[in-house]
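Grab a pencil and keep the viewer open while you work through these exercises. Try each task yourself before you read its solution.

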Amino acid sequence: IMLPLKEKDRPLAHKLLAAGCCARCVLRFCCVGTPSSYCQSYEDTSRELLAFVSDMGPKAQNDSSAEEQAEGPPSKKVKLGSCQSEGQANGEEPDSGVCVACLGVLQGFCSHDFSKKVSEAVKSEDYEFDNMVLFVSLPAQLSVREVRLHNASKCEITPSEKSLCLNKDDVIQVKEAFKWTLQGMLSQELAVPSQFEVGVGFVHPETDTLLETQYWCVCVCVCGVPMTCTFLGREYPCPPQRVKTACASLDTTCLHVSVFVAGRYNKFSRSLPQTPWVIDGERRMESSVEELITQPLLAAFKADGFNFSSSGREDVDVRTLGNGRPFAVELLNPHRAKFNKMEVHLLQEEINQSSDKIRVRDVQIVTREAVAHMKEGEEEKTKSYSALIWTQKSIVQNDIEFISDIKELKVAQKTPLRVLHRRPLAVRQRLIHTMSTRYLDPHHFYLHLRTQAGTYIKEFVHGDFGRTKPNLGELMKTEVDILELDVESVDVDWPPAIPE
């Protein structure tokens with residue numbers, strides 16, 4: 001006997017077979033946690049299990065002989081798969097052979113034929129992947145049948161069978177047993193090791209009519225409430241009734257894990273939003289930084305969608321210069337995922353050639369974990385800006401020289417009016433680390449600032465009706481406004497620079 005079953009498993013295996021369980025479900029309820037035990041053919045597993053149950057051992061054989069002499073002819077031997085039940089001997093319909101526990105999931109679907117069917121469905125989707133994960137969706141009623149079979153084994157236990165494994169938490173789940181069996185076959189069919197996600201689902205129409213009852217039972221089971229409800233017993237006998245049909249398989253679904261592309265971008269236009277600008281359902285700008293970057297990536301990776309994120313954002317009328325702003329794109333369900341460095345560089349050039357409004361650099365494929373570095377300690381980072389300032393009163397060079405002497409200025413900023421519709425009302429404390437000026441004419445000068453990330457520069461300049469204190473207007477004792485603003489640098493050392 002090759003199956004890892006022990007003497008203590010023999011009575012339980014016999015009862016499970018008599019109740020209509022398939023060979024693999026017998027292994028599950030005997031808590032066999034060795035994947036290889038489920039991978040051999042169903043026929044071999046059934047044959048070995050039948051031999052195990054039939055071999056009652058010396059003591060059991062002596063007991064059986066004595067019982068036969070006392071009670072007459074021996075009872076029928078337990079058979080597997082297409083066995084005749086006691087009801088059939090009384091003229092009832094022939095047994096379908098469908099397992100009462102897994103409803104056939106661990107029988108015909110754990111085969112090379114079904115594996116080939118799934119692999120052909122995967123290949124038809126034209127994915128590119130290096131590894132694979134199998135996901136399984138099962139009918140809810142399987143959970144109820146599991147509980148009822150477990151209760152049946154507990155009810156029928158005799159004092160001499162106290163060693164039976166009756167802890168339901170130790171029972172191998174149908175989903176695990178199915179994956180152990182099918183995943184190896186799929187890996188061979190698709191020629192990949194087992195992160196690409198293949199979904200296989202099952203339904204069982206014959207027992208779906210009790211789905212509401214079954215769902216309630218599953219909830220009770222999960223919550224740990226003793227199931228003594230007579231309604232449950234009436235609707236779901238213990239052990240469960242045999243069924244005429246096996247589960248039906250649903251369409252195979254495929255999902256590739258997300259691929260993450262990172263880089264830095266410059267924005268040279270004062271009429272280009274970072275993300276699509278839609279107001280009251282109407283689009284206001286023809287494009288965006290997000291779209292210019294992601295459209296070539298979506299096409300190249302054959303992805304179903306994307307998520308775009310960046311280290312902060314600039315207003316539509318603000319340019320981003322210097323070494324650019326870090327960004328990351330999560331490409332959802334990409335059909336192609338393998339790109340070498342040269343191919344990624346060509347993608348970068350394609351983005352740059354598509355528009356003169358932006359430019360990207362240091363484009364590279366990164367991990368999900370690496371993207372988190374872009375957001376780590378974001379408010380502690382610094383950013384540098386240059387702004388063209390207008391003053392109401394006439395000024396000379398000496399009127400603005402004091403600004404350069406201001407260091408580590410603490411500013412309290414109530415949420416600006418212009419973003420109040422999308423940001424919670426709060427007062428945020430920010431630091432203006434340094435400032436410097438360059439005189440232009442009696443009503444204009446350039447202001448250069450290095451600030452804590454998250455500082456609202458426009459509001460610091462004009463004061464936002466007193467919502468930012470102190471502000472540049474207060475410091476200069478005149479009305480001022482900002483005419484142009486540029487981001488000169490975003491001091492986030494990510495992603496790693498790539499030499500040109």
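**Exercise 1.** Find out what the buried residues of α12 pack against, and work out why α12 counts as largely enclosed.

*Solution.* Remember that you're looking at a predicted model.
- Step 1: Pick out the buried residues of α12, which are Val-289, Glu-290, Glu-291, Leu-292, Ile-293, Thr-294, Pro-296, Leu-297, Ala-300 and Phe-301.
- Step 2: Look at what they pack against: the strands β5 (259-267), β7 (282-283), β8 (305-310), β9 (318-332) and β10 (358-366), plus the helix α13 (341-354).
- Step 3: Put it together. Since 10 of the 13 residues of α12 are buried, the rest of the structure largely encloses this helix.

**Exercise 2.** Describe the path of α12 from its first C-alpha to its last, then say where its kink lies.

*Solution.*
- Step 1: α12 covers residues 289-301 and spans 19 Å, close to the expected 18 Å.
- Step 2: Now hunt for the bend. There's a kink of about 25° at Gln-295, shortly before Pro-296.
- Step 3: Step just past the helix and you meet Lys-302, with a positive phi near 50°.

**Exercise 3.** Is Val-490 buried or exposed, and which residues does Val-490 touch?

*Solution.*
- Step 1: Locate Val-490 in strand β16.
- Step 2: Check its relative accessibility, which is 2%. The cut-off for buried is under 20%, so Val-490 counts as buried.
- Step 3: List the contacts, skipping residues up to four places away in sequence: Val-490 touches Arg-264, Ser-311, Asn-323, Gly-324, Arg-325, Pro-326, Thr-382 and Lys-383.
- Step 4: Compare sequence with space. Gly-322 is 168 residues from Val-490 along the chain, yet their C-alphas are 8.4 Å apart.

**Exercise 4.** Asp-464 and Lys-477 each have a positive phi although neither is a glycine. Where do they sit, and is each one buried or exposed?

*Solution.*
- Step 1: Asp-464, with a phi of about 55°, is in the loop between α15 and β15.
- Step 2: Its relative accessibility is 5%, so Asp-464 counts as buried.
- Step 3: Lys-477, also with a phi of about 55°, is in the loop between α16 and β16.
- Step 4: Lys-477 has 72% relative accessibility, so it counts as exposed.

**Exercise 5.** Which class does each residue lining the second largest pocket belong to, and how many are in each?

*Solution.*
- Step 1: The second largest pocket holds about 570 Å³ of space.
- Step 2: It is lined by 26 residues, and the closest to its centre are Arg-313, Arg-423, Gly-454, Thr-455 and Tyr-456.
- Step 3: Sort the lining by class: 14 charged, 8 nonpolar and 4 polar residues.

Note on methods:
Residues are numbered from 1 along each chain as its sequence is written. This is a predicted model: local features need pLDDT of at least 70, side-chain atom pairs count only at pLDDT 80 or more; totals for chains, interfaces and linings use all residues. Side-chain values use heavy atoms; hydrogens and water are left out. Helices (H or I, at least four residues) and strands (E, at least two) are DSSP runs, numbered from the N terminus. The expected span of a helix is 1.5 Å times one less than its number of residues. The bend at a residue is the angle between axes fitted to the seven residues ending there and the seven starting there. Buried means under 20% relative accessible area, exposed over 50%, partly exposed in between (1.4 Å probe, protein chains only). Contact means heavy atoms within 4.5 Å. On a 1 Å grid over the protein atoms alone, a cavity is a set of points where a 1.4 Å probe fits but cannot get out, and a pocket is an open set with protein on both sides within 12 Å along at least five of seven lines; lining residues have an atom within 4 Å of a point. Grid points are joined across faces, edges and corners, and a volume is the space filled by probe spheres set on the points. Ala, Val, Leu, Ile, Met, Phe, Trp, Tyr, Cys and Pro count as nonpolar, Asp, Glu, Lys and Arg as charged, and the others, Gly among them, as polar.
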